Each structure stands twice: as structure tokens, then as C-alpha cells.
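Grab a pencil and open your viewer. Here are a few exercises to work through, each with a solution you can check as you go.

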Amino acid sequence: MTATTRDHDDLAYDVFAKACPSRGTLEHVTGRWGGLTLGALYEGSLRFNELRRRVDGVSEKMLSQTLHALERDGLVHREAQPTNPPRVDYELTALGRQVAERLLSLIHCVEDAMDDVLAARARYDETRGGL
């Protein structure tokens, strides 16, 4: 069901409801590789291998799957150039930029709090005997 075909009496999308389509998009955005891919593309258009180098640790297969999911959700635009060899560039759509901005706020919050997180882990491990 799309927003344009929804009846005015319908409830808004609810990510906490199992059948809500927003849940899948949230998984694509907040998953390990989706979040990093969106964050990397916020910096600008990248070719596949540039993006793979920027998102350190992602396999070619996982990056490809991630890009397909994000493109399907309307967050990433794929531009194939008719050259030899073929050139494919990826960039965020307007919606993708909006989502990436919010995601980057979360990323920066986590990065800024890492000293506290590492201290909490150390305290936890001391009292519970490690992992």
C-alpha cells in the first residue's frame, strides 16, 4: 500500500507492526552495511569500488545487495554510463540525503560517546567476568 492509495481513515505507518512496510526500510537503513553506505554516499557520488573502499570490511556481494535494497527503497540512485568499461556511479536521492542526515547525527553521537561506552564495557566485564 502506498501513501497515495491509503484511505484518510487508515492509521499512519507503524514500524512496530510486523506487517508494516516501513519495517523493511528501517532494516535496510539501520543494518550494518546500509547505515555505513548511506553515510559514505552523503559525502558525494561514488563508484562501486570507491564505495567499497570507503565502507571498510564490506564484501562485494553484501555491498551489491545493500545498494539494490537502498535503490529499491528510493534512497540511492544508480547511474550507469555507457562507456567501456562500464562506469556506474551511486548517489543519494533527496530522500536518501534526508535519511542520511539523521543517521549521521546518530553516528556522530555514538562516536562522541565511545570513551563512555568503552568505560562502561570495562566496568561490565570486571563485574561479570568478561564476555
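The exercises below deal with a predicted model, and they go from one residue to the pockets and then the core.

**Exercise 1. Place T66: which helix holds T66, and is T66 buried or exposed?**

Solution.
- Step 1: start with the secondary structure. T66 sits in helix α4, which spans residues 60–72.
- Step 2: check the accessibility. T66 has a relative accessible area of 10%. The cut-off for buried is under 20%, so T66 counts as buried.
- Step 3: look at the polar end of the side chain. One of its polar atoms lies 2.8 Å from the backbone oxygen of M62.
- Step 4: skip residues up to four places away in sequence and see what's left. T66 then touches W33, G34 and T37.

**Exercise 2. Describe the largest pocket: what is its volume, and which element gives the largest share of its lining?**

Solution.
- Step 1: take the volume, which comes to about 250 Å³.
- Step 2: go to the lining. It has 13 residues, and L36, G39, A40, E43 and R54 are the closest to the pocket's centre.
- Step 3: sort the lining by element. Two or more residues come from each of α2 (32–42) and α5 (94–112), and α2 has the largest share with 5 residues.
- Step 4: sort by class. You should get 6 nonpolar, 3 polar and 4 charged residues.

**Exercise 3. Do the same for the second largest pocket: which residues line it?**

Solution.
- Step 1: the space here is about 200 Å³.
- Step 2: list the lining, which is V15, S22, T25, L26, V29, T30, D73, L75, L95, Q98, V99 and R102.
- Step 3: match those residues to elements. α1 (22–30) and α5 are the ones giving two or more, with α1 supplying the largest share, 5 residues.
- Step 4: the class tally is 6 nonpolar, 4 polar and 2 charged.

**Exercise 4. Take apart the largest nonpolar core: which members touch the most other members?**

Solution.
- Step 1: out of 20 residues in this core, the best-connected are L38, L41, L51, L67, V76 and Y90.
- Step 2: find the contributors. α2, α3 (48–54), α4, β3 (87–92) and α5 each give two or more residues, and α2 gives the most, with 4.
- Step 3: zoom in on L38. Setting aside neighbours within four places in sequence, L38 is in contact with V29, L70, L75, V76, L92, V99, A100 and L103.
- Step 4: cross-check with Exercise 3. V29, L75 and V99, contacts of L38, also turn up in the lining of the second largest pocket.

Note on methods: Residues are numbered from 1 along each chain as its sequence is written. This is a predicted model: local features need pLDDT of at least 70, side-chain atom pairs count only at pLDDT 80 or more; totals for chains, interfaces and linings use all residues. Side-chain values use heavy atoms; hydrogens and water are left out. Buried means under 20% relative accessible area, exposed over 50%, partly exposed in between (1.4 Å probe, protein chains only). A polar contact is a pair of N or O atoms within 3.5 Å; within protein, one must be able to donate a hydrogen and the other to accept it, and residues adjacent in sequence count only if both atoms are side-chain atoms. Contact means heavy atoms within 4.5 Å. On a 1 Å grid over the protein atoms alone, a cavity is a set of points where a 1.4 Å probe fits but cannot get out, and a pocket is an open set with protein on both sides within 12 Å along at least five of seven lines; lining residues have an atom within 4 Å of a point. Grid points are joined across faces, edges and corners, and a volume is the space filled by probe spheres set on the points. Ala, Val, Leu, Ile, Met, Phe, Trp, Tyr, Cys and Pro count as nonpolar, Asp, Glu, Lys and Arg as charged, and the others, Gly among them, as polar. A nonpolar core is a set of buried Ala, Val, Leu, Ile, Met, Phe, Trp, Tyr and Cys residues joined through side-chain atoms within 4.5 Å.
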